[in-house]
Amino acid sequence: MTVKSFLHFILEDSACTMAFTDLKGFLHTKLGQARSMCLFDPMTHTLFQESGVGDFGGAGIQDVIETHECNLFCEGLNLSTKAVLKNTFVQQKKEYGIEAETLV
Ligand SMILES: [Zn+2]
């Protein structure tokens, strides 16, 4: 749930111009130190499809928004609703002249 809410945070913080997906994480524990989470293996999607191999551009961002299911961490962090993310993404595409697609 922590990783999924982090993916939501990235969408929100980038105003839906970037999405991470396939991010994995594991808890790292070392005696005498605070627990931490090590994140690895991300794929990124950017509005202009400029982050390299596996970047599916707007289609990838749209897919991340559509498949995300908010959890208690999203709510606890007071992240925007999925409807706000969808609307922001549509507005970004209009602003940058990217072909409008209908989100369901
Ligand atoms: Zn969420």
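How far apart do the end C-alpha atoms of residues 1-82 lie, and how much of the span is helix and how much strand? I began my notebook with this stretch, and I found that its end C-alpha atoms lie 16 Å apart, while the span is 35% helix and 22% strand. I had picked these residues because UniProt, in an unreviewed entry, places the feature "domain: Alpha-type protein kinase" at residues 1-82. I note for everything below that the model is a predicted one.

**Entry: the chain as a whole**

I next looked up the secondary structure, and the chain has four helices and four strands, which follow the pattern α-β-β-β-β-α-α-α when read along the sequence. Taken along the principal axes, the box that the C-alpha atoms fill is roughly 50 × 30 × 20 Å. Of the 104 residues in the chain, 33% are buried. When I looked at contacts with a separation of 6 or more, I found that residues 24 or more positions apart account for 48% of them.

**Entry: surface and charge**

For the surface, I noted that the chain exposes about 6,700 Å², of which carbon and sulfur atoms supply 57%. The chain carries 8 positive and 13 negative charges, and the mean positions of these two sets are 8 Å apart.

**Entry: the nonpolar cores**

Which residues make up the largest nonpolar core? I listed nine in all, namely Leu 11, Cys 16, Ala 19, Leu 47, Ile 61, Val 64, Ile 65, Leu 85 and Phe 89. The elements that give two or more residues to this core are α2, at 57-67, and α4, at 82-95, and α2 gives the most, with three residues. I also found a second, separate core of five residues, with Val 3, Leu 7, Ile 10 and Leu 23 among them.

**Entry: helix α2**

Since α2 gives the most to the largest core, I looked up its buried residues, and these are Gly 57, Gly 58, Gly 60, Ile 61, Gln 62, Val 64 and Ile 65. Against which elements do the buried residues of α2 pack? They pack against α1 (2-13), β1 (18-21), β4 (43-46) and α4.

**Entry: His 68**

Moving on from α2, I came to His 68, whose place is in the loop between α2 and α3, the latter at 72-76. Is His 68 buried or exposed? His 68 counts as buried because its relative accessibility is 9%, under the 20% cut-off for that class. Apart from its neighbours within four places in sequence, His 68 is in contact with Lys 4, His 8, Cys 74 and Lys 82.

**Entry: two residues with positive phi**

I then checked the backbone, and I noted that phi of Ala 15 is near 55 degrees, a positive value in a residue other than glycine. Ala 15 lies in the loop between α1 and β1, and this residue counts as partly exposed because its relative accessibility is 28%.

Where is Asp 22 found? I located Asp 22 in the loop between β1 and β2, the latter at 24-28, and its phi is positive too, at about 60 degrees, although Asp 22 is not a glycine. With a relative accessibility of 44%, Asp 22 therefore counts as partly exposed.

Note on methods. Residues are numbered from 1 along each chain as its sequence is written. This is a predicted model: local features need pLDDT of at least 70, side-chain atom pairs count only at pLDDT 80 or more; totals for chains, interfaces and linings use all residues. Side-chain values use heavy atoms; hydrogens and water are left out. Buried means under 20% relative accessible area, exposed over 50%, partly exposed in between (1.4 Å probe, protein chains only). Contact means heavy atoms within 4.5 Å. Accessible areas come from the Shrake-Rupley method with a 1.4 Å probe; for residues, only the protein chains shown count as cover. Lys and Arg count as positive and Asp and Glu as negative; His and the chain ends are not counted. The place of a charge is taken as NZ of Lys, CZ of Arg, CG of Asp or CD of Glu. A nonpolar core is a set of buried Ala, Val, Leu, Ile, Met, Phe, Trp, Tyr and Cys residues joined through side-chain atoms within 4.5 Å. UniProt positions are given in the numbering used here, feature names are shortened, and annotations may be inferred rather than shown by experiment.
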